[in-house]
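Thank you all for coming; please have the sequence and the structure open in front of you while I talk. I will go through some charged pairs, then a helix, and then a sheet.

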Amino acid sequence: MNEAPASPIGQPLDRVDGAAKVVGRATYAGDFAPQPASLCHAVLVQSTIANGRVVRMDTGAAEAMPGVLLVLTQRNAPALPQKGRAAVKPPAGREMSLLQDDAVRYNGEPIGVVVADTLEHALEGAARVRVSYAAGQPELDFERAKASAYPPKAGGTHGPADKSWGEGASAMDGAPVRLAATYTTPMVHHNPMEAHATVASWQGPKLTLWDSTQHVSGVKETVSKTLGISADDVHVISPYVGGGFGCKGSVWSHVVLAAMAARQVGRPVKLVLERPQMWGPVGGRPRTEQKVELGATREGKLIAVRHDVISHTSSFEDFVEPSAQPTQALYSYPNGATTQRLVKLNVGTPTFQRAPGESTGTFALECAMDELAYRLGIDPLELRLSNYAEAEPDSGKPWSSKKLRECYRQAAQRFGWSRRNPVPRSMCDGPWLVGWGMATATYPAHRAAANARATLMPDGTVLVLSGTQDIGTGTYTVMTQVAADALGLPVELVRFDLGDSTMPQAPGSGGSMTAASVGPAVRAACLALREKLGHERAWQEAKDAGAQRSALRAIAAGRPEPLAADGQDAPPANDKQPYATRSFGAVFAEVRVDPDLGVIRVPRIVATYSVGRLLNSKTGLSQLQGGLVWGVGMALMEESLLDPATGRFENANLAEYHVPVNADIGEIDVTVVDEDDTNFNSLGIRGIGEIGITGITGALANAVYHATGQRVRDLPITLDKALGIAENRNS
Ligand code: MOS
């Protein structure tokens, strides 16, 4: 046998779907136009009050318009099983608005659908629907609603219930040094480049959905149960997704409404959300208020921690932003307690947004650690090192692999942390106040059962299938690398395909778990196929890709049935899990603040992560970098402004909802430590989709404090807050 070629795993392979995307051959949900009946267009009619009920809908003017085929409202919508509500358990299953009753629970709630031959006719038709309401008093005031905060019901929600370990929070009483502070994060919305989009087409009883989703098999299950049809009659296709970040992790009303409308008009229907509709009928990240208390010795040893989180949800469904989650795992505190409470507002249900819990939670905890470091006169990095968690604090389980110490060391050195003068306002450069801050990043490592199939094709290539998703993360590319490695073939001889509910089932692309779940299944399928090919000498002895391909083509030609193998991989049950698994990182940031105008620039971020092995150094580092960029937006810019009078979002567009542009981003230096977490899975990898947005907001807030002496505890850190002239809710 020849010398094995270098493994493609870890190589900076260009995206295998890159060319298709650049030339416009990559087909996103809204690009599909199924035949034979011509495609028509659907537009949502949305409520314009935040609470109450619809008394009358005058649809005559819309129905009389040229091109309008259907105005679907509560009056003519088909009755659905369980009124269409939460046919699948939350959080995957949503309480949707499917025209089953006259209730209005938030401003912007879908109360009708207009279908027309063109988008323009549908838009005009929707504008001509006249609605009268019986309006009730909406609750839109988080501060007031806090009085009725309640613990989320167990089971149906994402995130931790109340927890207590050691002697709980009472151990705080004996601590020589105590710090308590309250931090807040605002409502924000994902806004991937591609808005939510669905094309629905019926052929008799069979429904095909081209949907922009993070979970093809989840859409199939949810839609079939919601409509009361057989799962075998629903086919979901999603080859490309222009960003998910959590907002496409559940099925929202518009997906089912598109299917209902298509059935009613007997033609395929396309429904694409307009940009302003990204605020309201689909979820964003909830607002949080987080009280963190730390108890420590004078030498900086943590004795106890307490983290009490309040977040908002809708009036009709619980969604928890689990901000207390990182506090249960980040440092070694012998005693601790965390709580999560919800307040109901008349808004749409919020949802997962990149690193739910960890993004908001590490902001609060990592600022509190910085405040404690100043209180004690200890370097913030030293404080973290002296409270390093060698095992998971609340369970006591060992980590499957953790190289956070290496992260701190490497990133601090590259950043030049030892040259920092800790005194606020002490480091200047010309007119700029310079601030250096740091924080720890963390995100749990998840994986779930996944399946794959590898098939030797007549042309001598291998086709590998898994019903997973590529939400812009690089799944096509890294799975091609995993498959090629397991097969012992060059990547050119392997094709990986995904995004179809008829393929072997895979979990949703959420919780940073695609690579760690699907990778081992792809590997298993390819090893099994290789085993079947093993005895064929010609394939083994081929010298190069061309010869290998000819040999494989010859093997394929001699078979009546294609040679194929299935692979499956699943994590052990939770109680059989000997390890705790989590990823970590160290983030250092420099800010420059104009002392007169409060303008904040971020010239430099240095971050090093402990995330297991990287499958592709190019897409992997880019993924982490993207998380840091979003962290700059979360720290300094992003906020969805809820109008307290109407319950509408005042800045529901990308002109007034600010996100970083290239000019806002300075140098970002990202690395990972050498690591191979085979205690977690056969590939030694952990997910990297979300950790990049954790820690960074704390590092930036701590840097702003160092630069200005202003401790801003409320995101986003706008220039008025940096100057200390804004009303600071918690100062
Ligand atoms: Mo992620 S917010 O779990 O898609």
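Let me begin with Lys344, which counts as partly exposed because its relative accessibility is 34%. Please keep in mind throughout that what we are looking at is a predicted model. Lys344 forms a salt bridge with Asp318, and the closest N and O atoms of the two are 3.9 Å apart. This pair links distant parts of the chain, since Asp318 sits in the loop between β14, residues 302–313, and β15, residues 335–344, while Lys344 belongs to strand β15 itself, 26 residues apart. Is Asp318 buried or exposed? Asp318 counts as buried, because its relative accessibility is 9%, and the cut-off for that word is under 20%.

For those of you who are new to this, side chains of opposite charge can pair when their charged atoms come close. How many salt bridges does the structure hold? The structure holds 39 salt bridges, and I will show you a few of them.

One of them joins Arg128 to Glu124, with the closest N and O atoms 2.9 Å apart. Arg128 has a relative accessibility of 35% and therefore counts as partly exposed, and Glu124, at 36%, counts as partly exposed too.

Another joins the side chains of Glu675 and Arg686, with 3.2 Å from N to O. This pair also links distant parts of the chain, with Glu675 and Arg686 both placed in the loop between β24, residues 667–672, and α15, residues 696–708, and eleven residues apart. Both Glu675 and Arg686 are buried. Salt bridges that share partners also join Glu143, Lys146, Arg287 and Glu289 into one network.

Let us stay with Arg686 for a moment. Its relative accessible area is 3%, and that is why Arg686 counts as buried. What does Arg686 touch, if we leave out residues up to four places away in sequence? Its contacts include Ser401, Ala445, Arg582, Gly612 and Phe680, as well as its salt-bridge partner Glu675. As for distances across the model, Arg686 and Glu293 are 393 residues apart in sequence, and their C-alpha atoms are 31 Å apart in space.

Now please turn to helix α7, which covers residues 358–376. This helix has 19 residues and reaches 26 Å from its first C-alpha to its last, close to the 27 Å expected at 1.5 Å a residue. Helix α7 is mostly covered, with 17 of its 19 residues buried. Glu358 lies in this helix, and Glu358 counts as buried because its relative accessibility is 0%. Among the residues that Glu358 touches, not counting those up to four places away in sequence, are Gln325, Tyr443, Arg582 and Thr694. After α7 comes Gly377, which has a positive phi, near 70°.

My last topic is a sheet. As a reminder, strands of a sheet pair through backbone hydrogen bonds, either parallel or antiparallel. Here we have an open sheet of four strands in the order β20-β19-β18-β21, with mixed pairing. Which strands stand at the edges? They are β20 and β21, the latter being residues 564–569, and each has a single partner strand, so one side of each is left without a neighbour in the sheet. Neighbouring strands of this sheet are turned by 20° against each other on average, direction ignored.

Within the sheet, strand β19, residues 462–465, and β20 run parallel and are joined by four bridges. Val462 has Val494 as its bridge partner in β20, and Val464 stands opposite Phe496 in that strand. Helix α10 packs on the sheet and touches β19 and β20, with its direction making about 135° with that of β20. Taken in sequence, β19, helix α10, residues 475–487, and β20 make a right-handed β-α-β unit.

Finally, which face of β20, residues 494–497, is covered and which is uncovered? Val494 and Phe496 form the covered face, whereas Arg495 and Asp497 form the uncovered one. If you look at the strand once more, you will find on that covered face the valine that is the bridge partner of Val462.

Definitions and conventions
Residues numbered from 1 in each chain as written. Predicted model: local features only at pLDDT ≥ 70, side-chain atom pairs only at ≥ 80, totals over all residues. Heavy atoms only, no water. Salt bridge = Lys/Arg side-chain N within 4 Å of Asp/Glu carboxyl O. Buried < 20%, exposed > 50% of the residue type's maximum accessible area, 1.4 Å probe, protein only. Helix = DSSP H or I, 4+ residues; strand = E, 2+ residues; numbered from the N terminus. Expected span 1.5 Å × (residues − 1). Contact = heavy atoms within 4.5 Å. Pairing = 2+ DSSP bridges. Right-handed = clockwise from strand over helix to strand, strands pointing away. Axes fitted to C-alpha atoms, helices over the stretch in contact; angles between N-to-C directions.
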